[in-house]
There are 2 protein chains.
Amino acid sequence: MQQNLTREEKRQQKLDVILRNAAKAFMERGYYKTSLDDIASMQNVTKPTLYYYIKNKEDILVKCEEVTCGRINAMLDEVMAKNISGYEMLYQFIMRYIGIIIDDVARCHVRHRGQMEDEMLRAQSIKNHKDIENRVREIIRRGIGDGSIRNCNSTILAILLFDSLNGLTSWYKADGKVDQNELTDEVLALVGSGVCST
Amino acid sequence: MQQNLTREEKRQQKLDVILRNAAKAFMERGYYKTSLDDIASMQNVTKPTLYYYIKNKEDILVKCEEVTCGRINAMLDEVMAKNISGYEMLYQFIMRYIGIIIDDVARCHVRHRGQMEDEMLRAQSIKNHKDIENRVREIIRRGIGDGSIRNCNSTILAILLFDSLNGLTSWYKADGKVDQNELTDEVLALVGSGVCST
DNA sequence: AAAATATGTTACTATTCGGTAACAATATAA
DNA sequence: TTATATTGTTACCGAATAGTAACATATTTT
């Protein structure tokens, strides 16, 4: 008899719930202060059950990273394919990046990337971010080339940009006092024109 | 017989070394992956000796915070006493803030603030940062008042500013490829005028 | 010199927690 | 129905490590 969902789909859904709950707990209490027992009990299962969905504790971070980097890169694919100026690309990237990282799984990734204990995983994590950073640098260089962005050190600018954007993850709550549109406007205004009134 | 240094001075020096070494290790390996035995062996002492200088592991974070916030507030006292425009104040704050947080103890504080397990300590840590943030907001408001800073949401601007400045701590190494002066120039240019070429 | 204080060590406890082995139940397919 | 794969549980192990008690040594003060 055919179910609504296949086994594989149900399995994927459960994994998603684990990631979301774990990510939330990691952000609230911290990675080391959140035990696998804590995470398991959020799902109303026991710890060994988790090991059917994840390899080990660190694997949760890896999976959060895969999901998030996948989204960011897909977004970059779209934005960079458009026939617009470098500045407009950067503008759109920022707008949509904020939309992506306001999510527990993404916030968890941002906060823990490059901190895996396993050396291979750590290297891969660092590379994943560097790749994204390089794509944004490419946008900045295009903007400098087409004259829409002030001549500057694209490396430093890209990093500063990510610092302020990723910093959002540690204080911005989607349901908080600050409206997402107002936040996005302020970020875009600051990045675009700075603070000077002149 | 009078020594070069009094007991109290020697004690303070040893505490400083402990804080510096611990902060460095926390930044390199992470707080939870650095044991008190690790820290002790850097001093060529044993773990119980540390407890003569610190109350417990968390107290290291508290002491790093006290040192760093003390420095920042003293700097703000100076800068805010000057008879200059709000924008110039902000400019000087940024320049000197970068100078302060390029230091292992300060970096350790930035990375771990508000993450103490003890509730009282955590609340105090959050308050310490909020106080500093409020002083910077005051600078921004003054700038808006005297017309030197574009009209904007001072709360969001202050946070974004701290995000990008504090973000430096996670990648900038004083002995690395990027020169501190060039970095400061780029930050000031970005905050001042943004990325637009027009 | 003797007393008091500061600084250090060795040896140990208690607890937390990631991970696993062995076993039980349930759903799917033949 | 029977066989098989999947999903779950209970009970346990081993390692790491924050913190302490008891004891030893050095340094300053009286």
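This passage describes a predicted model of protein chains with DNA, moving from one chain's fold to the DNA surfaces and then to a pair of helices.

It helps to start with chain A as a whole. Chain A holds nine helices and zero strands, so its run of elements from the N terminus reads α-α-α-α-α-α-α-α-α. The C-alpha trace of chain A spans about 60 × 40 × 35 Å along its principal axes.

DNA strand C is a good place to look next. Around this strand there are 19 residues, and those that come nearest are Lys47(A), Thr46(B), Thr49(B), Tyr52(B) and Tyr53(B). Sugar or phosphate accounts for 67% of the atoms of DNA strand C within 4 Å of the protein, and bases supply the rest. Individual polar contacts put some detail on this picture. The side chain of Lys47(A) has an N or O atom 2.8 Å from a base nitrogen of DNA strand C. The backbone of the strand is also contacted: a phosphate oxygen lies 2.9 Å from a polar side-chain atom of Lys57(A), and a phosphate oxygen is 2.2 Å from an N or O atom in the side chain of Tyr52(B). Two or more residues of the surface near DNA strand C are given by each of α3 (47–50) of chain A, α1 (7–29) of chain B and α3 (47–50) of chain B. The largest share, three residues, comes from α1(B). Sorted by class, the surface near DNA strand C has seven nonpolar, six polar and six charged residues.

DNA strand D can be read in the same order. This strand is surrounded by 18 residues, with Thr46(A), Thr49(A), Tyr52(A), Tyr53(A) and Leu36(B) the closest. Of the atoms of DNA strand D within 4 Å of the protein, 68% are from sugar or phosphate and the rest from bases. Phosphate oxygens of DNA strand D lie 3.3 Å from a polar side-chain atom of Arg11(A) and 2.7 Å from a polar side-chain atom of Tyr53(A). Leu36(B) takes part through its backbone, with a polar atom 2.7 Å from a phosphate oxygen of DNA strand D. The elements giving two or more residues to this surface are α1 (7–29) and α3 of chain A, along with α3 of chain B. Here α1(A) gives the most, with three residues. The surface near DNA strand D divides into seven nonpolar, five polar and six charged residues.

Turning to chain B, Lys63(B) sits in helix α4 (residues 57–81). The side chains of Lys63(B) and Asp59(B) are joined by a polar contact of 2.7 Å. Leaving aside residues up to four places away in sequence, Lys63(B) touches Leu15(B), Leu19(B), Tyr53(B) and Ile54(B).

The helix α4(B) also packs against helix α7 (residues 119–145) of chain B, at an angle of about 15 degrees and with axes 11 Å apart. Because this angle is under 35 degrees, α4(B) counts as roughly parallel to α7(B). The crossing of the two helices is left-handed. Residues making the contact include Val62(B), Cys69(B), Ile72(B) and Leu76(B) of α4(B), and Leu121(B), Asn128(B), Ile132(B) and Arg135(B) of α7(B). Taken by class, the residues of this contact are eight nonpolar, four polar and six charged.

Conventions:
Residues are numbered from 1 along each chain as its sequence is written. Chains are lettered from A and ligands numbered from 1 in the order in which they are written. This is a predicted model: local features need pLDDT of at least 70, side-chain atom pairs count only at pLDDT 80 or more; totals for chains, interfaces and linings use all residues. Side-chain values use heavy atoms; hydrogens and water are left out. A residue is near a molecule or strand if one of its heavy atoms lies within 4 Å of it. A polar contact is a pair of N or O atoms within 3.5 Å; within protein, one must be able to donate a hydrogen and the other to accept it, and residues adjacent in sequence count only if both atoms are side-chain atoms. Helices (H or I, at least four residues) and strands (E, at least two) are DSSP runs, numbered from the N terminus. Ala, Val, Leu, Ile, Met, Phe, Trp, Tyr, Cys and Pro count as nonpolar, Asp, Glu, Lys and Arg as charged, and the others, Gly among them, as polar. Contact means heavy atoms within 4.5 Å. Axes are lines fitted to C-alpha atoms, for helices over the stretch in contact, and angles run from 0 to 180 degrees between N-to-C directions. Angles under 35 degrees count as roughly parallel, over 145 as roughly antiparallel, 65 to 115 as roughly perpendicular and the rest as oblique. A crossing is left-handed if the near helix is turned anticlockwise from the far one by less than a right angle, and right-handed if clockwise.
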